[in-house]
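Hi there,

Here is the structure I promised to pass on. Please have a look at it, and then read on for what I found.

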Amino acid sequence: MTKKAKTYRDLFIEVNERYGIQTSTSLHVDVDKVLSDEKYQECLKAYSILPAIFDDTFGRNEDA
């Protein structure tokens with residue numbers, strides 16, 4: 001079974017589904033560009049830390 005190559009489009013969809021992050025980066029890159037598995041995981045890891053950074057910087061509204 002051949003593994004489907006991941007693209008920036010796949011990355012942005014996964015980032016939105018996992019972390020609720022929507023980014024305008026998709027307007028500035030070719031969303032159909034194929035990423036290596038290593039690059040895909042590196043980008044996913046970078047996006048995964050953003051919610052914690054945001055919470056540390058701006059605080060979390062526990063009432064929301």
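Helices α1 and α2 pack at an angle of about 30°, and their axes are 10 Å apart. Here an axis is a line fitted to C-alpha atoms, for helices over the stretch in contact, and angles run from 0 to 180 degrees between N-to-C directions. α1 and α2 are therefore roughly parallel to each other, a label for angles under 35 degrees (over 145 is roughly antiparallel, 65 to 115 roughly perpendicular, and the rest oblique). The crossing in which α1 passes α2 is right-handed, that is, the near helix is turned clockwise from the far one by less than a right angle, whereas anticlockwise would make it left-handed. On the α1 side, the contact is made by Tyr 8, Asp 10, Leu 11, Phe 12, Glu 14, Val 15, Arg 18 and Tyr 19. From α2 come Lys 39, Tyr 40, Cys 43, Leu 44, Tyr 47 and Ser 48. Contact means heavy atoms within 4.5 Å.

Before more detail, some housekeeping. This is a predicted model, in which local features need pLDDT of at least 70 and side-chain atom pairs count only at pLDDT 80 or more, while totals for chains, interfaces and linings use all residues. Residues are numbered from 1 along each chain as its sequence is written, and side-chain values use heavy atoms, with hydrogens and water left out. Helices (H or I, at least four residues) and strands (E, at least two) are DSSP runs numbered from the N terminus.

Now α2 by itself. It has 12 residues (37–48), which should span 16 Å at 1.5 Å a residue, and its end C-alpha atoms are indeed 16 Å apart. The expected span is 1.5 Å times one less than the number of residues. Which residues of α2 are buried? They are Tyr 40, Cys 43, Leu 44 and Tyr 47, where buried means under 20% relative accessible area, exposed over 50%, and partly exposed in between (1.4 Å probe, protein chains only). These buried residues cover an arc of only 100° around the axis, which puts them on the same side of α2; the arc is that of the directions from the helix axis to the C-beta atoms. An α-helix has 3.6 residues a turn, so residues three or four places apart point the same way. On the other side of α2, Glu 38 and Lys 45 are exposed. The cover over the buried residues of α2 includes β1 (6–7), α1 (8–19), β2 (34–35) and α3 (50–58).

α1 also has 12 residues, and its end C-alpha atoms are 16 Å apart, in agreement with the expected 16 Å. Its buried residues are Tyr 8, Asp 10, Leu 11, Phe 12, Glu 14 and Val 15, and what covers them includes β1, β2 and α2. Asp 10 is buried at a relative accessible area of 19%. Leaving aside neighbours within four places in sequence, Asp 10 is in contact with Lys 4, Ala 5 and Tyr 40. Just after α1, Gly 20 takes a positive phi of about 70°.

Lastly, the loop between α1 and β2. Ser 26 lies there and counts as partly exposed at 27% relative accessibility. Beyond four places in sequence, Ser 26 is in contact with Phe 12 and Val 31. Val 29 sits in this loop too, partly exposed at 30%, and touches Tyr 8 and Phe 12, not counting residues up to four places away in sequence.

Best wishes
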